[in-house]
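User: I'd like a close look at one part of this protein, with enough of the rest to see where it sits. Here is what I'm looking at.

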Amino acid sequence: MRWPRVRAILLISKARRLHTIFGVVTFALVPVASLTPLSMSHVVQSSGSNHAGVRVASSVLKLNRLRPTRNPSPIYPVGVHEQSNPSGMAPPGPQSLAGYRQTYVTDFMGTALPSGWSAFAGNPSGDPGSQWAIDHVSVGGGLLQLSTYQDPRYANNWVSGGLCQCALAQTYGAYFVRSRMTGPGPTQVELLWPLSGWPPEVDFNETYGPSNLTIATDHFDSTNQQIHNNLNIDMTQWHTWGVVWTPTSLTYVVDGRIWGSVTGTVEIPSQPLALHIQQQTWCSSGWACP
């Protein structure tokens, strides 16, 4: 199985378990010009019931296969070098992106999820890839960890971890998450999801099983039109993933450099979205399986 790891969000690998580790910082910014207050509707999605689990395109508008750009230097926030940090990077400062003000940052210190985050539980819509349990999400050592493994409490079926920052949804802004995986297996996803109705959905880092590539997908229109951008990259190394969302564009960023984008009007979400981080596996269908 696979474990995602994040320094601002952490996932740690254990024997026979796949993790995604989030270790540096998760932070959000909004354009200075708008200064739109955050929506504080306090939507709690501990059951994950708003996840429709539908990820099949009715049509694919664009598919780009890209290599990491060779820009001489990062132009978007990455972080501040800090040896004591599990990922080697601390969160960037509040003035790290010109024209934006920082509205949230966390480094997942302590042993519990920070305020505003909710872990998923249950199996919404019967989707075989969406069996989540709250204890498959853990915090410790400055890391957030999502773990996917066969859980005897669920008839030894594969169970994953997922969580959302549903209490801090906003319209437009920039999101950055530092994370890594411990190996192939389940898909790990960092995405923006609506508080109600679907689409839209913006997946700015989704692996679908392998550990050597990621896909960014913009879901839009009532028929679930999609635009994909693909990137070949080692997902077992620490990377800072981001999406910069404006009324006319989505810009996908890794380690401070642009690797994909979507422009338009119909294609770009215009309603509040919240940050979600999750793993899923479809072993019963024979893919994205540890």
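What does the accessible surface of the chain come to, and what share of it belongs to carbon and sulfur atoms? After that, please take me through strand β19 (residues 249-254): which strands it pairs with, and where its side chains point.

Analyst: Bear in mind that this is a predicted model. To start with the surface, the chain's accessible area is about 11200 Å², and carbon and sulfur atoms account for 54% of that. The chain is 290 residues long, with 54% of them buried. On the secondary structure side, you have 21 strands and 0 helices. Take the contacts between residues at least 6 apart in sequence: 66% of them join residues at least 24 apart.

Now to β19 itself. This strand is mostly covered, with 6 of its 6 residues buried. As a general point, side chains in a regular strand alternate between the two faces of the sheet. Here, Ser249, Thr251 and Val253 point one way, while Leu250, Tyr252 and Val254 point the other way. Both sets are buried.

Next, the neighbours. On the sequence side before β19 comes β18 (residues 239-246), which pairs with β19 in the antiparallel sense over 6 bridges. If you want one pair to find on screen, go to Gly242, whose bridge partner in β19 is Val253. The two strands make a hairpin, with 2 residues between them.

The other partner is β20 (residues 257-263), again antiparallel to β19 and joined to it by 6 bridges. A pair to look for here is Thr251 with its bridge partner Ser261 in β20. β19 and β20 also form a hairpin with 2 residues between them, and Asp255 in that turn has a positive phi of about 50°.

What do those side chains run into? Leu250 and Tyr252 belong to the largest nonpolar core, a set of 34 residues. Both are listed with Leu192, Phe204, Trp241 and Val243 as the residues that touch the most other members. Val243 is a handy one to click on: leaving out residues up to four places away in sequence, Val243 touches Leu250, Thr251 and Tyr252. Its other contacts are Gly173, Ala174, Tyr175, Leu192, Val202 and Phe204. Apart from that largest core lies another one of 7 residues, and Val253 is among its members, as are Leu97, Tyr100 and Val244. That gives you β19 residues in two cores: Leu250 and Tyr252 in the one, Val253 in the other.

Phe204 is a good stepping stone to the backbone oddities, which are worth a look while you're there. The loop between β14 (187-194) and β15 (201-206) holds Pro199, and Pro200 sits in that loop too. The peptide bond joining Trp198 and Pro199 is cis, with omega about -10°. The bond from Pro199 to Pro200 is cis as well, with omega near 15°. Move on to the loop between β15 and β16 (213-220) and you come to Tyr208. Tyr208 is not a glycine, yet has a positive phi of about 60°. Tyr208 counts as partly exposed because its relative accessibility is 22%, and the buried cut-off is under 20%.

Finally, the cysteines. The whole structure has 2 disulfides, paired 1-2, 3-4 when the bonded cysteines are numbered in sequence order. Cys164 and Cys166 make up one of them, with an S to S distance of 2.2 Å. That link is left-handed, at -120° about the S-S bond. Both of its ends are covered: Cys164 has 0% relative accessibility and so counts as buried, and Cys166, at 1%, is buried too.

Cys283 and Cys289 form a disulfide with sulfur atoms 2.0 Å apart. Their S-S torsion is about 100°, so this disulfide is right-handed. Cys289 comes out as partly exposed because its relative accessibility is 34%. Ala288, in the segment after β21 (273-280), is another non-glycine with a positive phi, about 50°. Ala288 is at 8% relative accessibility and therefore counts as buried.

One more spot for your tour is Asp107, in the loop between β6 (100-106) and β7 (118-119). Its side chain and that of Asn85 are joined by a polar contact of 3.4 Å. Asp107 counts as buried because its relative accessibility is 15%.

How values were computed:
Residues are numbered from 1 along each chain as its sequence is written. This is a predicted model: local features need pLDDT of at least 70, side-chain atom pairs count only at pLDDT 80 or more; totals for chains, interfaces and linings use all residues. Side-chain values use heavy atoms; hydrogens and water are left out. Buried means under 20% relative accessible area, exposed over 50%, partly exposed in between (1.4 Å probe, protein chains only). Helices (H or I, at least four residues) and strands (E, at least two) are DSSP runs, numbered from the N terminus. Two strands pair if DSSP finds at least two bridges between them. A polar contact is a pair of N or O atoms within 3.5 Å; within protein, one must be able to donate a hydrogen and the other to accept it, and residues adjacent in sequence count only if both atoms are side-chain atoms. A disulfide is a pair of cysteine sulfur atoms within 2.5 Å. Contact means heavy atoms within 4.5 Å. Accessible areas come from the Shrake-Rupley method with a 1.4 Å probe; for residues, only the protein chains shown count as cover. A nonpolar core is a set of buried Ala, Val, Leu, Ile, Met, Phe, Trp, Tyr and Cys residues joined through side-chain atoms within 4.5 Å.
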